[in-house]
Amino acid sequence: DLGNMNRALELFHRNYKEYPQHETAASALFLLAYLNHNVLKDLDAAEKHYRTYLQEYPQHKMAATAEFELEHLGQSPEDIFNSFNLDEKEETPSTK
């Protein structure tokens, strides 16, 4: 429910802000971005948090995922899938 979601967002934000060097801070910031993007559909907040995450934790294990999320911010899963198909068609040599 929305109350639990808001509580989770608050805890992730506090973890990142109060303990930025703690081993969980990077994951907390990533999850803050991810939930804003994929659950709440708050694209502005998601973009802000993804960019902060990539700036502060560029070597973290979820950095590639954050880059992917930013690249496809606001796109539906179908649009993302279709973009992969277009990319593959452009890379495949024609067989005439």
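**Helical architecture, nonpolar core and largest pocket**

Read along the sequence, the protein follows the pattern α-α-α-α-α. The model is a predicted one, and its secondary structure comprises five helices and zero strands. Of the 96 residues of the protein, 28% count as buried. Among the contacts with a sequence separation of 6 or more, 38% join residues that lie 24 or more positions apart. The accessible surface amounts to about 6900 Å², and carbon and sulfur atoms contribute 51% of this area.

The largest nonpolar core contains 18 residues, and the members that touch the most other members are Leu29, Tyr50, Tyr53, Leu54, Tyr57 and Ala66. Two or more residues of this core are supplied by each of α1 (2-18), α2 (25-38), α3 (43-56) and α4 (63-71). The greatest contribution is that of α2, which provides seven residues. For Leu29, when neighbours within four places in sequence are set aside, the contacts are with Tyr16, His49, Thr52, Tyr53 and Tyr57. Of these partners, Tyr53 and Tyr57 are also listed among the core residues that touch the most other members.

A further residue examined was Leu32, which is found in helix α2. Leu32 has a relative accessibility of 4% and therefore counts as buried, the cut-off for this class being under 20%. Apart from neighbours within four places in sequence, Leu32 is in contact with Leu9, Phe12, His13 and His49. His49 is thus a contact of Leu32 and also appears among the contacts of Leu29. The C-alpha atoms of Leu32 and Tyr53 are separated by 9.7 Å, the two residues being 21 residues apart along the chain.

The open space of the model was also examined. Rolling a probe the size of a water molecule over the atoms shows where empty space is left. The largest pocket encloses about 190 Å³ of space. Its lining consists of 13 residues, and those nearest the centre of the pocket are His37, Asn38, Gln75, Pro77 and Ile80. The elements that give two or more residues to this lining are α2, α4 and α5 (77-91). By residue class, the lining divides into five nonpolar, six polar and two charged residues. Helices α2 and α4 are accordingly represented by two or more residues in the lining of the largest pocket, and each also gives two or more residues to the largest nonpolar core.

Key:
Residues are numbered from 1 along each chain as its sequence is written. This is a predicted model: local features need pLDDT of at least 70, side-chain atom pairs count only at pLDDT 80 or more; totals for chains, interfaces and linings use all residues. Side-chain values use heavy atoms; hydrogens and water are left out. A nonpolar core is a set of buried Ala, Val, Leu, Ile, Met, Phe, Trp, Tyr and Cys residues joined through side-chain atoms within 4.5 Å. Buried means under 20% relative accessible area, exposed over 50%, partly exposed in between (1.4 Å probe, protein chains only). Helices (H or I, at least four residues) and strands (E, at least two) are DSSP runs, numbered from the N terminus. Contact means heavy atoms within 4.5 Å. On a 1 Å grid over the protein atoms alone, a cavity is a set of points where a 1.4 Å probe fits but cannot get out, and a pocket is an open set with protein on both sides within 12 Å along at least five of seven lines; lining residues have an atom within 4 Å of a point. Grid points are joined across faces, edges and corners, and a volume is the space filled by probe spheres set on the points. Ala, Val, Leu, Ile, Met, Phe, Trp, Tyr, Cys and Pro count as nonpolar, Asp, Glu, Lys and Arg as charged, and the others, Gly among them, as polar. Accessible areas come from the Shrake-Rupley method with a 1.4 Å probe; for residues, only the protein chains shown count as cover.
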